Amino acid sequence: MSYTARIDKQYAFEAAHQLPGHKGKCSRLHGHSYRVEVWAKGSTIVDEKSSSDGMLVDYGDIDDIIKPIIADMDHTFLSSGTEPLLHKIGTLDQARELGIITYAIGVRTTAENIARYLAQVVAARLLNVNYWKMYANIDLLGVAVFETAKTKAECIIDVNVQRKRMIADGSLS
């Protein structure tokens, strides 16, 4: 018998960032010991012939999706690509020579935007050809980013909406 379940898995990385123009201390270059929580909610798998019987999603598959991203973000300067610091240094190669490794998320590096970036990447990879049929039971996916022990930003994605959109445009069949 299937039932609704929610699973969570936590990860951590260290990174610096800057929010130019912000009215508070975050306008200065600073760093965080980020904690990331990835969760999924949906119906458990009912298939006695499958090793996934009774599971919502295999924790190992979540690791396969998110661990490489977390490893790439660890000990970097999280960047939108528009920070004045980067423009003063010059090219990314020049930054690398100075020991500054950047990880660009393409938007301002607020906790909310980092959570959204990670949620979108996880959802896209979960819906790829290797996983989407196996995990058609997942309805919601969330990523929470903790900058400190007391602050959290979370992005929640309705996987069904994305799945339907991808089926309609032919990218899933």
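Modeller: Helices (H or I, at least four residues) and strands (E, at least two) are DSSP runs, numbered from the N terminus. This is a predicted model, where local features need pLDDT of at least 70 and side-chain atom pairs count only at pLDDT 80 or more, while totals for chains, interfaces and linings use all residues. Residues are numbered from 1 along each chain as its sequence is written, and side-chain values use heavy atoms, without hydrogens and water.

Colleague: Let's start with helix α5: which residue has a side-chain oxygen that reaches a backbone nitrogen at the start of α5?
Modeller: Helix α5 covers residues 159-168. At its start, the backbone nitrogen of asparagine 160 has a side-chain oxygen within 3.0 Å, and that oxygen belongs to aspartate 158.

Colleague: And which residue with a positive phi follows α5?
Modeller: Look just past the helix for a phi near 85°. The residue there is glycine 170.

Colleague: How many bridges do β1 and β2 share?
Modeller: Strands pair if DSSP finds at least two bridges between them. β1 and β2 pair in the antiparallel sense, and histidine 17 has histidine 30 in β2 as its bridge partner. The number of bridges between β1 and β2 is 14.

Colleague: Which residue in β5 is the bridge partner of lysine 41?
Modeller: β5 spans residues 138-148 and runs antiparallel to β2, with eight bridges joining them. Within β5, the partner of lysine 41 is leucine 140.

Colleague: What is the angle between the planes of phenylalanine 13 and tyrosine 34?
Modeller: Rings of Phe, Tyr and Trp (its six-membered ring) pair if their centres lie within 6.5 Å; planes under 30 degrees apart count as stacked, over 60 as edge-to-face and the rest as tilted. The count of aromatic pairs comes to two. Phenylalanine 13 and tyrosine 34 are stacked, 4.8 Å centre to centre, with their planes at 15°.

Colleague: How many residues apart are phenylalanine 13 and tyrosine 34?
Modeller: Phenylalanine 13 sits in β1 (residues 4-17) and tyrosine 34 in β2 (residues 30-43), so the pair links distant parts of the chain. Both are buried, where buried means under 20% relative accessible area, exposed over 50% and partly exposed in between (1.4 Å probe, protein chains only). Their separation along the chain is 21 residues.

Colleague: Why does the pair of tyrosine 103 and tyrosine 117 tie parts of the chain together, and how far apart are they in sequence?
Modeller: The two rings are edge-to-face, 6.0 Å centre to centre with 80° between the planes. Tyrosine 103 lies in strand β4 (residues 102-104) and tyrosine 117 in helix α4 (residues 111-126), so the pair ties together parts whose separation in sequence is 14 residues.

Colleague: Which ring does the charged end of arginine 35 sit over?
Modeller: A charge sits over a ring if NZ of Lys or CZ of Arg is within 6 Å of the ring centre and within 35 degrees of the ring normal. Arginine 6 lies over the face of tryptophan 39, 4.1 Å from the ring centre. For arginine 35, the distance is 3.7 Å from the centre of the ring of phenylalanine 146.

Colleague: How many disulfides does the structure hold?
Modeller: A disulfide needs two cysteine sulfur atoms within 2.5 Å. The sulfur of cysteine 26 has its closest cysteine sulfur in cysteine 155, 20 Å away, too far for a bond. The number of disulfides is zero.

Colleague: Last one: which element gives the most to the largest nonpolar core?
Modeller: A nonpolar core is a set of buried Ala, Val, Leu, Ile, Met, Phe, Trp, Tyr and Cys residues joined through side-chain atoms within 4.5 Å. The largest has 41 residues, and those with the most contacts inside it are Val36, Val38, Ile66, Leu118 and Val145. Ten of its residues come from the element that gives the most, α4.

Definitions and conventions. A polar contact is a pair of N or O atoms within 3.5 Å; within protein, one must be able to donate a hydrogen and the other to accept it, and residues adjacent in sequence count only if both atoms are side-chain atoms.
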